[in-house]
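User: I would like a close look at one helix of this structure and at its surroundings. Please explain your reasoning in connected prose.

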Amino acid sequence: MRLLLIRHGQTPSNVAGLLDTAVPGPGLTELGTRQAAALPDRLAGESIDELYASPLLRTQQTAAPLAKRLGLPVAVRDGVREIEAGELAMRGDSGSINAYVSTVFAWARGDVEARIPGGESGVEALRRFDSVIDEIAATDRSCAAVVSHGAAIRLWTASRGINVRVDDVEAEPLRNTEIVVMEGSPDGGWRFMQRLAAG
Ligand SMILES: O=C(O)[C@H](O)COP(=O)(O)O
């Protein structure tokens, strides 16, 4: 099946460069709202038959225009929320951001027992994201859109994409409403197809 993994639109914490991962978190900025409004047209060529979002306000606000256009409900799943920042929450200094990002990519390279101080391990973060993807794949639909978060999407695609190099994912941040397209199945594996830039 085809997965469209969409990072939410811009938030005030994104503008400020903060590690803001708590639930429910901030809503979208004006730009973020415009980015969300642009998604239905950007994805008009896709035959999306299921729509998922994390419990955070920013993903649900991003999913809303797409849900309206498609006439689909938004299924909220805790498993696709952002990687918890733990003791690094709401920090914006480069040391904290580097500690967060480097732990996430250490997980993608196999060190899944490492833990963000006060936060999750890679085992825990991947287990919850995997469980949602497995649930989606079990529906036997052809295409699902999942509105999630930058670190969570990069972790999952770097860890589960059979044709993906972790270095490439680490080198390329995911911008607001940028989309990672993956195809495959839990049994056969997931292949990275393309990134759809936010424009
Ligand atoms: O990486 C970050 O900046 C924070 O964890 C928040 O990510 P998000 O904006 O994709 O939720």
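Analyst: The account below begins with helix H6 and then turns to the core, the ligand and a pair of helices. The model is predicted.

Helix H6 covers residues 150-160 and is largely enclosed by the rest of the structure, because ten of its eleven residues are buried. A residue is called buried here if 20 or more other C-beta atoms lie within 10 Å of its own. The buried residues of H6 are Ala151, Ala152, Ile153, Arg154, Leu155, Trp156, Thr157, Ala158, Ser159 and Arg160.

The largest nonpolar core has 47 residues, and those that touch the most other members are Leu4, Leu5, Tyr52, Ala145, Val146, Ala152 and Leu155. H6 gives the most to this core, with six residues. Leu4 has contacts beyond its sequence neighbours: residues up to four places away not counted, it touches Leu43, Glu46, Ile48, Cys143, Ala145, Val146, Ile179 and Val181.

Gly150 and Ala151 also belong to the surroundings of the ligand, together with Arg7, Asn14, Leu19, Asp20, Thr21, Glu82, Ala85 and His149. This shell divides into three nonpolar, four polar and three charged residues.

Elsewhere, helix H2 (residues 30-42) and helix H3 (residues 57-70) have axes that come within 8 Å and cross at roughly 35°. Their crossing is right-handed. On the H2 side, Ala36, Ala37, Leu39 and Pro40 meet Gln61, Thr62, Ala64, Pro65, Leu66 and Arg69 of H3. Seven residues of this contact are nonpolar, two are polar and one is charged.

Notes:
Residues numbered from 1 in each chain as written. Predicted model: local features only at pLDDT ≥ 70, side-chain atom pairs only at ≥ 80, totals over all residues. Near = placed C-beta within 6 Å. Nonpolar A, V, L, I, M, F, W, Y, C, P; charged D, E, K, R; others polar. Buried ≥ 20, exposed ≤ 12 C-beta atoms within 10 Å, placed from the backbone. Helix = DSSP H or I, 4+ residues; strand = E, 2+ residues; numbered from the N terminus. Axes fitted to C-alpha atoms, helices over the stretch in contact; angles between N-to-C directions. Left-handed = near helix turned anticlockwise from the far one by under 90°. Contact = placed C-beta atoms within 7 Å. Core = buried A, V, L, I, M, F, W, Y, C linked by C-beta atoms within 7 Å.
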